[in-house]
Amino acid sequence: MRRKTRIRLRALLLVAVGVFIVLTGVGTLVGMPWRYSSGGIAIAVLQIVGAASALGIGAGIAWLGLDDARQKQ
């Protein structure tokens, strides 16, 4: 009983962290911070790549949490 609760809690935490990172990436893309940077096109490209990679990393973490919960049941 305790082990199942621990596994579910860990999976829920992984999914929550993944969703938070995805929302952070979406917020960065929607907020378009590159409009306000004076570093030029290179800084803008780095910010877009960083936000897009946050989306991928967050989705990967959430997927790992869901996959972990499915395998342990």
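**Close-up views of a predicted two-helix model**

Buried residues account for 16% of the 73 residues in the protein. The model shown in every view is predicted.

**View 1. Overall form of the protein.** The protein contains 2 helices and 0 strands. Its radius of gyration is 17 Å, well over the 11 Å expected from the globule rule for 73 residues, so the protein is more spread out than a compact globule. Along the principal axes, the C-alpha atoms fill a box of roughly 55 × 15 × 15 Å. Of the contacts between residues at least 6 apart in sequence, 73% connect residues at least 24 apart. The accessible surface amounts to about 5500 Å², and 70% of this surface belongs to carbon and sulfur atoms.

**View 2. Helix H1 and its buried positions.** Helix H1 covers residues 2-31. At 1.5 Å a residue, its 30 residues should span 44 Å, and the 43 Å between its end C-alpha atoms agrees with that value. Within H1, the residues Ile-7, Ala-11, Gly-18 and Gly-25 are buried. Gly-18 also serves as a reference point for distance along the helix: its C-alpha atom is separated by 24 Å from that of Arg-2, with the two residues 16 apart along the chain.

**View 3. Arg-2 in helix H1.** Arg-2 belongs to helix H1. Its relative accessibility is 67%, and Arg-2 therefore counts as exposed, the cut-off being over 50%. By contrast, Gly-18 in H1 is buried.

**View 4. Met-32 in the loop between the helices.** Met-32 is located in the loop between H1 and H2, just after H1. Its phi is near 45°, a positive value in a residue other than glycine. With a relative accessibility of 31%, Met-32 counts as partly exposed, because this value falls between the limits of 20% for buried and 50% for exposed.

**View 5. A nonpolar surface patch that includes Ile-41.** Ile-41, Val-45 and Val-49 make a nonpolar surface patch of about 290 Å². Ile-41 lies in helix H2, which comprises residues 41-72. The relative accessible area of Ile-41 is 67%, so this residue is exposed.

How values were computed
Residues numbered from 1 in each chain as written. Predicted model: local features only at pLDDT ≥ 70, side-chain atom pairs only at ≥ 80, totals over all residues. Heavy atoms only, no water. Patch = residues over 30% accessible without salt bridge, like charges linked within 9 Å, V, L, I, M, F, W, Y side chains within 5 Å. Areas by Shrake-Rupley, 256 points an atom, 1.4 Å probe, with all protein chains shown as cover. Salt bridge = Lys/Arg side-chain N within 4 Å of Asp/Glu carboxyl O. Helix = DSSP H or I, 4+ residues; strand = E, 2+ residues; numbered from the N terminus. Buried < 20%, exposed > 50% of the residue type's maximum accessible area, 1.4 Å probe, protein only. Rg over C-alpha atoms; globule rule 2.2 N^0.38 Å. Contact = heavy atoms within 4.5 Å. Expected span 1.5 Å × (residues − 1).
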